[in-house]
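Me: I am new to this structure and should like to understand the terms applied to it. Please set each value against its definition.

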Amino acid sequence: MRKYGSNVYSKYQKILDDTRSRFGEFLTEKVNPGTYERDVAGSTFTRELMKEAADIGLVSYAMPAAVGGGGASWLEWGVALEMIGYLCVDSSFTLVVAQNHMAHQLICRHGNPEILDEIARPMTKGDRLCAFAYTDADGGSDPFAFSTKVRKDGNHYVLDGLKPIVAGAMLADTILVWATDENHDLQVFAIDRNDPNVDVSPLDPGAMRAGGFGRLFMSGVRLPAHRRLAASDGVSVAQEFLHERKITLVAPGIGRMLDIIENTCDALEETTRFGRPLTELKNVQSVLGRMYSSYVISRMSLYGILERMEEGLCEPLWDPWMAVTKNFIVQQAIELCQDAIRVLGFRVFLRDEMQVERYLRDFLSCLISIGTMDKALVDIGERTIHHRQRTKKLR
Amino acid sequence: MKFHLSGLLMRYSDYQKDIPVEAATFGEAVKSLVAKFPDLRPVLLDNQGLVREVHRIFLNGDVVRRDEVDRKLTDADAIDIMTALAGG
């Protein structure tokens, strides 16, 4: 295997090396083959593969040790995801793993002991997979406009509604659902796909096509009380969860960026014009320089936010820098793919070869719900104005 | 004093951004605000009557904790309420 490049942040080299050592063979020999075919067919991973990923500790790497997980910190997980993203050419796989981990985090934070035994512990062994259904048919990402409803019925709760897009739904045994009650408060529930009146149907997404995307329809789904994870203020639960998720979403992308650069270099070195490799052309060198710079700056941004998370400096609900970092990295990754397309010529149109267009589609999908990024920037702008108004008076 | 609302909260204030209220304390000001715009109550307040954690309160630019209901206000004070929203 190629040595992972860039000696920036060499203090994390041990995590990178350990991750490669533990998971490299599985990713390159078991996950990578079939990536192109899965993308064409829109089919997802088998349960056997996910179980194998759990057996080697990949799925549970950062799940709490108290419920049988690997207990890795945010920083360790983020760095590990970077290497996993480098080795794994199927971004859908890292998406499914990261989303499953995030759902597990939420269950561990808010679940009662019964839920921990029923769901969290089996998840660490890969015996259960979990997805989360937040985006609503009517509200989109606006939690105050959700039309998915919950009402109490004796000792049970009854859910009705549609969640139009749920990553990993076709793989998940448990789906976390946000629903509005009669007080316009948001509650969070854990439904089982085998619960009566739960209907999960596949979607045909344009990107992350092996991500098991599905649509969740609930018509009078009746749940026992212990399946409620949050009785109130599900918005805050969601915000904390979604902020952290942004980082686990983009961390693998950093590794993918480097793999794209390396493959681009290799292809250009092997292509000659008038007996000379394309890598000797100055315009090509300029593009590669830009690509590599995008990767390094993105990596430094990721590590910066991981270190902030590790040191407890990120406010769970309010930290805008997780969102800004994620948006920045995604934009850099998109531009990097565009640069690769610019220099690689016709071969990028051959989907079973370079696969850069698939990476571009996958990175573009990370812009979904980017309207909330605009909101975050407005907030940052208003806070900047407030801060200046205060400091101007102090001078 | 005056409330400045932004984003989705304006949906519940008839899209009024600047809302004057008469109040001696932060707690009273919030009560006056939701009395003026009843639809805002379930969005702004939790079931204990405190501003939900997902909203951030700024008094003249400084962060105020949601439980500082006895914080005294003057006529010149301005309270901004922003809502954390993450999607994608």
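**Salt bridges, burial and the interface**

Me: What makes the pair Glu315(A) and Arg56(B) a salt bridge?
Reply: The closest N and O atoms of Glu315(A) and Arg56(B) are 2.4 Å apart. A salt bridge is a side-chain nitrogen of Lys or Arg within 4 Å of a carboxyl oxygen of Asp or Glu, so the pair Glu315(A) and Arg56(B) qualifies. Across the interface of chain A and chain B the rule finds 4 salt bridges. The model is a predicted one, in which local features need pLDDT of at least 70, side-chain atom pairs count only at pLDDT 80 or more, and totals for chains, interfaces and linings use all residues. Residues are numbered from 1 along each chain as its sequence is written, chains are lettered from A in the order in which they are written, and side-chain values use heavy atoms, with hydrogens and water left out.

Me: How do you know that chain A and chain B touch, and what area do they bury between them?
Reply: Contact means heavy atoms within 4.5 Å, and 31 residues of chain A are in contact with 25 residues of chain B. The two chains bury about 2,500 Å² between them, 55% of it on carbon and sulfur atoms; buried area is the accessible area (1.4 Å probe) that two parts lose on being put together, summed over both. Phe144(A), Trp318(A) and Lys375(A) supply 28% of the area that chain A buries against chain B, more than any other three residues.

Me: Why is the pair Arg109(A) and Glu244(A) called a salt bridge, and where do the two residues lie?
Reply: The closest N and O atoms of Arg109(A) and Glu244(A) are 2.9 Å apart, and the pair therefore meets the rule. The pair links distant parts of the chain, 135 residues apart: Arg109(A) lies in helix α5 (residues 91-110) of chain A and Glu244(A) in helix α7 of chain A. Helices are DSSP runs (H or I, at least four residues), numbered from the N terminus.

Me: Are Arg109(A) and Glu244(A) buried, partly exposed or exposed, and what makes them so?
Reply: Buried means under 20% relative accessible area, exposed over 50%, and partly exposed in between (1.4 Å probe, protein chains only). Arg109(A) has 34% and is therefore partly exposed, whereas Glu244(A) has 8% and is therefore buried.

Me: What makes Asp117(A) and Arg121(A) a salt bridge, and how are they placed in their helix?
Reply: Their side chains meet at 2.8 Å, N to O, so the rule is satisfied. Being 4 residues apart in helix α6 (residues 113-124) of chain A, Asp117(A) and Arg121(A) are separated by about one helical turn. Arg121(A) counts as partly exposed because its relative accessibility is 33%.

Me: Why is the pair Asp362(A) and Arg358(A) called a salt bridge, and are its members buried or exposed?
Reply: The closest N and O atoms of Asp362(A) and Arg358(A) are 3.8 Å apart, so the pair is counted. Asp362(A) has a relative accessible area of 2% and is therefore buried; Arg358(A), at 3%, is buried as well. These residues are 4 apart in helix α10 (residues 356-365) of chain A, separated by about one helical turn.

Me: How do you know that Thr19(A) is buried, and what does it contact?
Reply: The relative accessible area of Thr19(A) is 1%, so Thr19(A) is buried. Thr19(A) lies in helix α1 (residues 13-31) of chain A. Leaving aside neighbours within four places in sequence, its contacts include Tyr61(A), Ala80(A) and Met83(A).
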